[in-house]
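Please load the model in your viewer and keep the sequence panel open beside it. The tour below proceeds by selections, each followed by an account of what is found there.

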Amino acid sequence: MGLRALEELGLMSPTPHTSMNRFAVEVIHESPREIQFTSIVDGLHAGTGASLGKMNLSLVEVGSVEEMRSLVIHKESGRQVEFRVLPEFLATYRDLPREELAAAGQRVLQMPDEEIFVVKVSP
């Protein structure tokens, strides 16, 4: 999600984790307070370089998975990229046993974005 957001916002660089663009975004993840959903923040951090220390990464608790979304906002322009995980993806990967997580992660790495989440860019 983080890398896709940088692409959509025109902020991608060869080394996103060290690029100055990591200061150009604000990242907000809204999810239930459960590790399987809050861990998305780790990926957003890795992909965008946003962090708690830079005060541009935040986690907001919401009451249901249906409300879950991730936002990456370009501070200068106000453009934002919103991600919502597809229900089909959640149904497949939500409650996997711990011993299956590594193999599932490898499968997910090979999947196109469109099979994982919906992307909305505005304005």
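Begin by selecting Val27, which counts as buried because its relative accessibility is 0%, where buried means under 20% relative accessible area, exposed over 50% and partly exposed in between, with a 1.4 Å probe and protein chains only. Before going further, note that this is a predicted model, in which local features need pLDDT of at least 70 and side-chain atom pairs count only at pLDDT 80 or more, whereas totals for chains, interfaces and linings use all residues. Residues are numbered from 1 along each chain as its sequence is written, and side-chain values use heavy atoms, with hydrogens and water left out.

Val27 belongs to strand E1; helices (H or I, at least four residues) and strands (E, at least two) are DSSP runs, numbered from the N terminus. Now add Leu57 to the selection: it stands 30 residues from Val27 along the chain, yet the two C-alpha atoms are separated by 4.7 Å. If neighbours within four places in sequence are set aside, the residues in contact with Val27 are Leu44, Thr48, Ala50, Asn56, Leu57, Ser58, Leu71 and Val72, contact meaning heavy atoms within 4.5 Å.

Next, extend the selection to the whole of E1, which is largely enclosed by the rest of the structure, because six of its seven residues are buried. Which strands does E1 run alongside, and in which sense, parallel or antiparallel? E1 and E3 run antiparallel and are joined by six bridges, while E1 and E2 run parallel and are joined by five; two strands are said to pair if DSSP finds at least two bridges between them. Glu30 is a convenient residue to click on, since it stands opposite Arg69 in E3 and also opposite Val60 in E2.

Now display the sheet as a whole. It is an open sheet of five strands with mixed pairing, in the order E2-E1-E3-E4-E5. Its edge strands, each pairing on one side only, are E2 and E5 (117-122). From one strand to the next the twist averages 15 degrees, with axes taken as lines fitted to C-alpha atoms, for helices over the stretch in contact, and angles running from 0 to 180 degrees between N-to-C directions. Further along the sheet, E3 and E4 pair in the antiparallel sense over four bridges, and Ser70 stands opposite Phe83 in E4.

The helix to select next is H3, which packs on the sheet, touching E1, E2, E3 and E4, and whose direction makes about 165 degrees with that of E1. Within H3 (residues 40-48), colour Ile40, Val41, Leu44, Gly47 and Thr48, which are buried. These residues lie on the same side of H3, because they cover an arc of only 130 degrees around the axis, the arc being that of the directions from the helix axis to the C-beta atoms. The partners of the buried residues of H3 are helix H1 (2-8), strand E1 (25-31), helix H2 (35-38), strand E2 (57-61), strand E3 (69-74) and strand E4 (80-85). Rotate to the face of H3 turned away from its buried side, and the exposed residues Asp42 and Ala46 come into view.

Follow the chain out of H3, where the helix is followed by Gly49, with a positive phi near 85 degrees. In the loop between H3 and E2, select Ser51, which counts as buried because its relative accessibility is 13%, and which, leaving aside its neighbours within four places in sequence, is in contact with His45, Asn56 and Leu57. Met55 has its place in that loop between H3 and E2 too, but is exposed, with a relative accessible area of 75%. Its phi is near 60 degrees, a positive value in a residue other than glycine; most residues other than glycine have a negative phi.

For the last stop, show the rings of Phe83 and Phe117, whose centres are 5.0 Å apart and whose planes stand at 85 degrees, so the pair is edge-to-face. Rings of Phe, Tyr and Trp (its six-membered ring) pair if their centres lie within 6.5 Å, and planes under 30 degrees apart count as stacked, over 60 as edge-to-face and the rest as tilted. The pair links distant parts of the chain, with Phe83 in strand E4 and Phe117 in strand E5, 34 residues apart. Phe83 counts as buried at 1% relative accessibility, and Phe117 counts as buried at 7%.
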